[in-house]
Amino acid sequence: MLSRRWHELTRLLASRWAEGFALFIVRIALAGVFWRSGRSKVVEGTWLQVSDATNYLFEYEYSGVPLPPAFAAQMATLAEFVLPILVILGLATRLSALALLAMTMMIQVFVYPEAWWSVHVIWAALALVLVSRGAGPFSLDAPLALWSRA
């Protein structure tokens, strides 16, 4: 009796819809980290106007990044707006998550190398789940995949 209930529960938890819900939560978690970071980089009341504080950070605190500081600040800000939106929508999810993983590794290697176990490993794990599994059924990628097969 207990064994049968356990198998029913595991079958339910392994279903496409349960996995889809879990992938949706993963998408929200990963996107939220980068969206909040992007919002902190812009002038309040604007969408993409990089703040003086952000330019200062990229010039002095994030100086290890192997890109010109003004360019790096603008690209990071743009990526932290566009990629989380795509991830939440589940549109080009694997590619967007791969780009967020690349950003995570840039931050890890060039900005905060001591933060792997405290923060970056979690971001990397979330991104890798999306890269390997995709966005799941609750996404724009799902109907596009069906449409492209037809």
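Helix 4 supplies the largest share of the nonpolar surface patch, with four residues. The model is predicted. The patch covers about 870 Å². Its members are W47, L48, L67, F71, M75, L78, V82, M106, V109 and F110. Two helices, helix 4 (69-89) and helix 5 (93-111), each provide at least two of these residues.

Two patch residues of helix 5 were examined further. M106 lies in this helix. Its relative accessible area is 31%. M106 is therefore classed as partly exposed, since the value falls between the 20% limit for buried residues and the 50% limit for exposed ones. F110 also belongs to helix 5. At 33% relative accessible area, F110 is likewise partly exposed. Patch membership requires over 30% relative accessible area, and F110 is listed in the patch.

The contacts of F110 reach beyond its sequence neighbours. With residues up to four places away in sequence set aside, F110 touches G64, V65 and P66. D52 lies 58 residues from F110 along the chain, and the C-alpha atoms of these two residues are 21 Å apart.

The largest pocket encloses about 570 Å³ of space. Its lining comprises 24 residues. Closest to the pocket centre are F58, A76, M103, M106 and I107. Helix 2 (16-40), helix 4, helix 5 and helix 6 (116-133) each give two or more residues to the lining. Helix 4 gives the most, with seven residues. Helix 4 thus leads in the pocket lining and in the nonpolar patch. M106 is listed both in the patch and among the residues closest to the pocket centre.

Definitions and conventions:
Residues numbered from 1 in each chain as written. Predicted model: local features only at pLDDT ≥ 70, side-chain atom pairs only at ≥ 80, totals over all residues. Heavy atoms only, no water. Patch = residues over 30% accessible without salt bridge, like charges linked within 9 Å, V, L, I, M, F, W, Y side chains within 5 Å. Areas by Shrake-Rupley, 256 points an atom, 1.4 Å probe, with all protein chains shown as cover. Salt bridge = Lys/Arg side-chain N within 4 Å of Asp/Glu carboxyl O. Buried < 20%, exposed > 50% of the residue type's maximum accessible area, 1.4 Å probe, protein only. Contact = heavy atoms within 4.5 Å. 1 Å grid on protein atoms, 1.4 Å probe; cavity = no way out; pocket = protein on both sides within 12 Å on 5 of 7 lines; lining within 4 Å. Points joined across faces, edges and corners; volume = space filled by probe spheres on them.
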